[in-house]
Amino acid sequence: MKVLKFGGTSVANAHNIRLVKNIVVNSNSDKTIVVVSAFGGVTNQLVQMAQLASSQNKEYQNILTEIENKHLNTVKELIPIQSQSKVLSKVKSDLNTLETLLEGASLIGETTPHLLDKIVSFGELLSSYIINEFFLSENLNTIYKDSRELIKTDEIHGKATVDFELTNSNCKDFIAGDKHEIIVLGGFISSSKNGSQTTLGRGGSDYTAAIIAGAIGADMLEIWSDVSGMFTANPRIVKQAKPIPQISYEEAMELSHFGAKVLYPPSIQPVFSKGISINIKNTFEPQNLGTLITKNLDNNGASVRGISHIEHITLLSLEGPGMVGIPGISKRFFEMLSIEEISVVLITQASSEHSICVGIPNTDAKRAVESLSKSFEYEIAQGKIKPIIIENDLAIIALVGDNMKSHQGLSGKMFSTLGKNNVNIRAIAQGASERNISAVINTNDVKKALNALHEEFFEENVKQLNLFVMGVGNVGSKFLNQIKQQKKFLKKNLKLNIRVIGISNSRTMVFDESGIPLNNWENLLADGQKADKNTFFNTINKLNFRNSIFVDNTASHDVSKTYNAYLRNSISIVTCNKIACSSEYDNYLELKDLARQYNAPFLFETNVGAGLPIIDTLKHLITSGDKILKIQAVLSGSLNFVFNNFNDRTTFHDVVLQAQAEGYTEPDPKIDLSGIDVMRKILILARESGNKLDIEDIENESFLPQESLDTKNNEDFFSSLKKYEDVFQKLYSDAAAADSKLKYVAQYENGKASVGLQHIPKGHDFSNLEGSDNIVLFYTERYPNQPMIIKGAGAGADVTASGIFADIVRIGSF
């Protein structure tokens with residue numbers, strides 16, 4: 001014998017009910033008991049009608065018409081015309097009775113719990129009758145049975161307590177004496193021993209099925225819904241969630257308690273003691289295995305079986321010195337909650353007895369505070385206990401697994417993962433069985449927390465990085481192309497899943513929570529909303545993704561001023577924008593401190609040397625205990641390109657124009673030629689070496705005429721270069737006469753830094769520097785005579801983009 005329960009979505013319409021019939025026919029059981037919920041959405045409509053009627057709002061009549069049309073149309077779609085008359089008549093009769101009850105509620109201006117039970121029961125009464133009549137029309141050997149005749153309860157309306165002795169006897173006697181192959185019943189509904197209408201609480205159709213399965217000793221209880229079993233997390237929130245093939249009763253109860261809505265928590269209990277397995281199946285994908293809930297489960301060593309959560313939680317805390325060593329405080333606290341019939345979801349108490357903290361549903365918070373405040377009124381007035389502390393808008397997340405007690409370090413792993421993602425934990429609870437570890441967090445952090453924990457415990461160490469890219473010019477577009485090209489490689493070889501969630505340029509911006517398709521980002525961005533850096537930040541913050549990274553490919557001063565806000569919200573930063581790290585020393589220091597405080601990496605490798613590992617190498621030298629004595633460097637790929645190509649056969653103007661056209665200079669080439677760009681770079685290296693320095697402390701021996709430096713736009717700047725061509729030719733001829741090359745050199749030594757054009761003789765490390773290459777010489781205590789040399793391409797969109805990419809990968813390895 002099998003008991004099959006079908007939820008509201010499974011019986012939402014005629015098409016779905018036909019699927020149900022096919023499942024029942026193929027159930028491979030000598031006798032099948034079918035328990036059905038109300039048609040999808042009907043129970044909510046019934047409750048809404050009761051509320052409207054009791055407030056004397058005639059709008060309930062429109063909803064009643066909707067319900068009537070839904071049921072009558074379903075009958076007409078399912079049952080042949082020649083058999084419809086009797087069924088339609090019965091449905092209309094029941095709906096007339098329902099209308100009379102609603103009119104009564106409207107007349108008296110209220111709905112009692114008893115009356116509400118009568119009203120909401122019509123959902124299951126109608127659905128079970130119609131479905132059985134459809135089965136009969138399909139020539140199935142079936143009978144309809146009113147569940148109220150079998151399931152007996154006390155007189156508590158809304159969530160009645162089952163009298164199992166009487167109920168079990170009723171179920172056994174009826175089913176043993178019935179010869180039909182199929183029995184159809186409505187879930188959720190019941191009656192007291194005196195015949196008064198009662199219900200088993202929302203979700204009670206699962207409970208009805210479990211009660212009957214337990215009573216008759218069924219071989220299997222199958223619960224059919226719109227999901228393929230229980231998942232490792234809520235698949236609507238965690239897209240990578242996986243179905244759990246098998247799970248123990250205890251694990252299923254824990255997951256159900258903590259919000260896994262596939263199963264109504266009490267439904268496990270009636271079959272648990274009988275050892276009856278439960279199979280959670282999908283009506284719309286019946287071929288899927290689903291989840292088998294059973295005992296004596298071999299988890300193959302798996303520690304965590306699932307992650308679940310409950311939202312809309314309020315924390316209540318009672319604390320004060322007057323609680324320590326005083327017997328009965330906890331008793332009074334929980335007694336008041338019990339009197340108010342408030343369910344406690346989570347409990348935690350300090351070992352010092354100084355405080356008690358509980359999690360309860362938001363809807364019960366006001367009542368609980370009033371009751372507790374009254375109970376402890378004297379102690380609060382005396383200052384022995386503080387007024388009840390309330391924290392709203394919280395949620396509980398829980399790791400669940402029978403084998404968790406056998407694995408060390410799970411709590412640490414859980415809290416470390418949450419901490420890395422800036423998820424603040426308000427309370428923690430863990431049972432002695434160690435079957436679950438629960439934490440209370442802010443509701444806004446639920447999505448990030450669930451995804452981060454699921455990634456840590458279930459996703460084969462694949463780490464998801466969520467990028468928000470600002471600036472898609474030369475460097476930015478190359479960077480996006482590199483991400484697109486390497487995406488599969490990174491996932492396969494480095495276990496990194498990189499998604500670009502947001503993109504912005506100076507005109508428009510676009511977001512896609514599931515990841516922007518990088519083969520079409522230009523078109524999507526062109527059609528995006530108006531760009532605004534504050535809205536961009538607020539959107540990132542609201543999305544609240546784990547491992548969020550802000551990628552700044554601009555040269556904007558305004559954008560660099562937003563870094564503090566990103567880091568304070570645990571959003572990592574990767575930037576080629578040198579302005580922040582070369583700004584006032586206090587701001588630079590604050591950014592570094594914020595990165596440490598909020599566990600948000602702040603990486604800027606491309607600030608110096610584009611894709612060359614200059615800053616990273618410097619950090620490793622410092623970390624390993626070395627000390628920087630002197631830095632000599634050619635740090636401008638732009639200037640190196642210019643002076644490598646400038647000679648007596650070219651003009652300085654044309655070479656600079658070529659450098660700009662090939663992407664070697666900033667959009668404003670004066671930034672490069674004035675030396676300010678090199679000043680920023682040597683300043684960053686000096687600071688990363690552990691020195692306090694500001695840009696005003698750097699000596700700049702500019703080779704540009706003052707008129708060129710004073711220009712306000714590119715047109716005037718290039719005109720000035722033409723005007724002073726003879727000055728530039730003299731620079732070249734002086735170097736050639738000395739058998740030297742012109743190089744723009746930066747130097748730091750003994751707390752002083754300088755930048756300027758120098759004559760570099762043959763044989764010098766800088767002499768053979770070609771194209772746009774950079775070179776850095778680190779003289780340290782370990783490399784005092786022969787410096788550590790880093791040399792390579794130091795400018796260009798491709799190499800700068802690859803440097804940004806490398807920083808992204810570094811964050812992925814943290």
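Biologist: Which residue does E222 form a salt bridge with?

Modeller: E222 pairs with K2. This is a predicted model. In it, the closest N and O atoms of the two are 3.3 Å apart.

Biologist: Where in the chain do E222 and K2 sit?

Modeller: E222 is in strand β8, residues 220-225. K2 is in strand β1, residues 2-6. The pair links distant parts of the chain, 220 residues apart.

Biologist: Is E222 buried or exposed?

Modeller: E222 is buried. K2 is buried too.

Biologist: What lets side chains like that pair up?

Modeller: Side chains with opposite charges can pair when their charged atoms come close.

Biologist: How many salt bridges does the structure hold?

Modeller: There are 32 salt bridges in the structure.

Biologist: Let's try another. What does K447 bridge to?

Modeller: K447 forms a salt bridge with E513. Their closest N and O atoms are 3.0 Å apart. K447 lies in helix α15, residues 446-458, and E513 lies in the loop between β20 and α17, so the pair ties together parts that are 66 residues apart in sequence.

Biologist: And why does K447 count as partly exposed?

Modeller: Its relative accessibility is 30%. Partly exposed covers the range between under 20%, which is buried, and over 50%, which is exposed. E513 also counts as partly exposed, at 44% relative accessibility.

Biologist: Back to α15. Which residue does E455 form a salt bridge with?

Modeller: That one is R546, with the closest N and O atoms 3.4 Å apart. E455 lies in helix α15 and R546 in the loop between α18 and β22, so this pair ties together parts 91 residues apart in sequence.

Biologist: Is E455 buried or exposed?

Modeller: E455 counts as buried, at 10% relative accessibility. R546 counts as buried as well, at 2%.

Biologist: Which residues are linked in a network of salt bridges?

Modeller: E605, D616, D807 and R810 are linked in one.

Biologist: New topic, helix α3. How many residues does it have?

Modeller: Helix α3 has 19 residues, 60-78. From first C-alpha to last it reaches 27 Å, close to the 27 Å expected.

Biologist: Which residues of α3 are buried?

Modeller: They are Y60, I63, L64, I67, H71, L72, T74, V75 and L78. Seen down the axis of α3, the buried residues fall within an arc of 160°, so they line one face of the helix.

Biologist: What covers the buried residues of α3?

Modeller: The cover includes helices α1, α2, α4 and α6. Look for α4 at residues 81-108 and α6 at 122-137.

Notes. Residues are numbered from 1 along each chain as its sequence is written. This is a predicted model: local features need pLDDT of at least 70, side-chain atom pairs count only at pLDDT 80 or more; totals for chains, interfaces and linings use all residues. Side-chain values use heavy atoms; hydrogens and water are left out. Helices (H or I, at least four residues) and strands (E, at least two) are DSSP runs, numbered from the N terminus. The expected span of a helix is 1.5 Å times one less than its number of residues. Buried means under 20% relative accessible area, exposed over 50%, partly exposed in between (1.4 Å probe, protein chains only). The arc is that of the directions from the helix axis to the C-beta atoms. Contact means heavy atoms within 4.5 Å. A salt bridge is a side-chain nitrogen of Lys or Arg within 4 Å of a carboxyl oxygen of Asp or Glu.
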